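I opened this entry to record what I looked up about charged side chains and nonpolar packing. The notes follow the order in which I consulted the structure.

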Amino acid sequence: MVDLVIDGCTALVHDDSGQIQFVQDAAVVVRGGVIDAVTSTREAASLEAVERIDGRGQLAMPGLINCHTHSPMVALRGIAEDMPVEEWFNDWIWPIESNLTDRVVELGARLACAEMIRGGVTTFADHYFSMDRVAAAVADSGLRANLGWAFFSSQGAEGRERSLDFALRMRGAADGRITTSLAPHAPYTVDDDDLAATAALARRHGLLVHLHAAENRAQTDNSLERYGRTPIGVLQRTGLLDVDVLIAHGTGITPKDLDVLREGTGRIGVASAPKGYLKFAWDTTPVRGLVAAGVAVGLATDGAASNNTLDVWESMALTALVQKSEENDPAWLTSRQALGHATLQSARAVGLGDEIGSLAPGRRADVILVDLSGPHTQPLHDVAAALVHSARSADVTTTVVDGRILMRDRRLLTLDVPEIVAELNAELPALTERRKGKRIQDYDG
């Protein structure tokens, strides 16, 4: 007896070299929250299963991974638009965030989880405050997440200690679906002593470090002027490139930085969220150079306050398009390469490269079904191109995490969206009041 069989589908799988293949008339067999086999529908027909899903006309693929977001910030979706990042942070986001309550954080995280489940995201890496509340949302939603409690040096030792306490206390929670990280905000808000102490703690406790760095070229220029080093150079000097680290954005990474990253001895990942960069008129993450340097580049959305959605399908399509434009090379980045970044590369970036990111025996059973029968995806000459350039998040019909069905036929099974939205809307007047002079931090990147 197995727990779940998804049969009759086309399956996106990776070969031994990590290249993407599509297997027709496939069946995905799940036992104990783990993929037991990817076989043929005929071979799976004789299996007794607790539950079966008819995947005919659909594509099964690994669940998408959102490598960097701030899930509670869905509460601020669309509140500050069409302005430079300095104004966005200092006059809007950080004053409003001073009004955050634990309940608003949890409601925002729950709404974010619902959005991600509906968009086929099965794992996300979150970097925010009041993370116990985010962890509660993750546990109830059924999603998988890496969670880090953000801190600034302006908070003193207490901020770093709280981030460590949360990371040690909550890793392995939600039946193992929650992993944790230390979460210094960025080199321009966390000083070298705190960054070095974070690296030492990460090494001692085997934790990932998740932070923003070289977010844009202006930050890199300012860092060079003040400290004589780029933000990536600061990470190197403080030891953060010799532990496992997830760097958010990196659009200000220079060619010399690529050599520095190549020399790092830790597992280094970069999360790229191209939609926000376009909105802020930034450069883009140098994906080609990072790949050549051996850095895992995962896809992300950042928070919905800047990105407006938590839609990794958007990130995947924009990554492929923006990279072609940036490199002036229509042959780079291909649809299959974009899918690789959305799956195995993203899994490696969040430190779960051996557990998720592909449909293979022994991997956690994080699976989504995508309907490619719509007029916007037909005719189906190239499945990879259809997924990257034609499919939408609304084409995801079913989302499974650890073998548990969280959405079936577009119906959410773990979260009540109208109830969440009604309570969140009642909290918005107090949240969105901007109190002059009261910021959680100043942006001076």
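**Salt bridges, then a buried arginine and the cores**

I began with Asp 54 and Arg 56, whose side chains meet in a salt bridge with an N to O distance of 2.5 Å. The model is a predicted one, and I read each value below as computed from it. Asp 54 is partly exposed at 38% relative accessible area, whereas Arg 56 counts as exposed at 62%.

I then took the total: the count of salt bridges comes to 25.

Next I looked up Asp 402, which forms a salt bridge with Arg 144, the closest N and O atoms lying 2.7 Å apart. This pair links distant parts of the chain, 258 residues apart: Asp 402 sits in the loop between strand 15 (396–401) and strand 16 (404–408), and Arg 144 in strand 8 (residues 144–151). Are these two partners buried or exposed? Asp 402 has a relative accessible area of 18% and Arg 144 one of 4%, so both count as buried, the limit being under 20%.

I turned to Lys 275 and Glu 314, a salt bridge with its closest N and O atoms 3.1 Å apart. Here helix 10 (residues 274–280) supplies Lys 275 and helix 13 (residues 312–327) supplies Glu 314, 39 residues apart. Lys 275 is buried at 19%, while Glu 314 is partly exposed at 28%.

I also noted a network of salt bridges that links Arg 103, Glu 106, Arg 110, Arg 133, Asp 140 and Glu 423.

I then asked what surrounds Arg 177, found in the loop between helix 5 (157–170) and strand 9 (178–184). Arg 177 is buried but has no salt bridge; Asp 175, the nearest side chain of opposite charge, is 4.2 Å away. That distance lies outside the criterion, because a salt bridge requires the nitrogen to be within 4 Å of a carboxyl oxygen. Polar atoms of the Arg 177 side chain instead lie 3.1 Å from the backbone oxygen of Gly 142 and 2.8 Å from that of Leu 143. Beyond its sequence neighbours within four places, Arg 177 has contacts that include Val 138, Val 401 and both Arg 144 and Asp 402.

Last, I examined the nonpolar packing. The largest nonpolar core has 129 residues, and Leu 387 is among those with the most contacts inside it. Helix 3 (residues 102–118) gives the most to this core, with 10 residues. Apart from it lies another core of 17 residues, including Val 13 and Val 367.

Terms used: Residues numbered from 1 in each chain as written. Predicted model: local features only at pLDDT ≥ 70, side-chain atom pairs only at ≥ 80, totals over all residues. Heavy atoms only, no water. Helix = DSSP H or I, 4+ residues; strand = E, 2+ residues; numbered from the N terminus. Buried < 20%, exposed > 50% of the residue type's maximum accessible area, 1.4 Å probe, protein only. Lys, Arg positive; Asp, Glu negative; His and termini not counted. Polar contact = N/O pair within 3.5 Å; in protein donor to acceptor, adjacent residues only side chain to side chain. Contact = heavy atoms within 4.5 Å. Core = buried A, V, L, I, M, F, W, Y, C linked by side-chain atoms within 4.5 Å.
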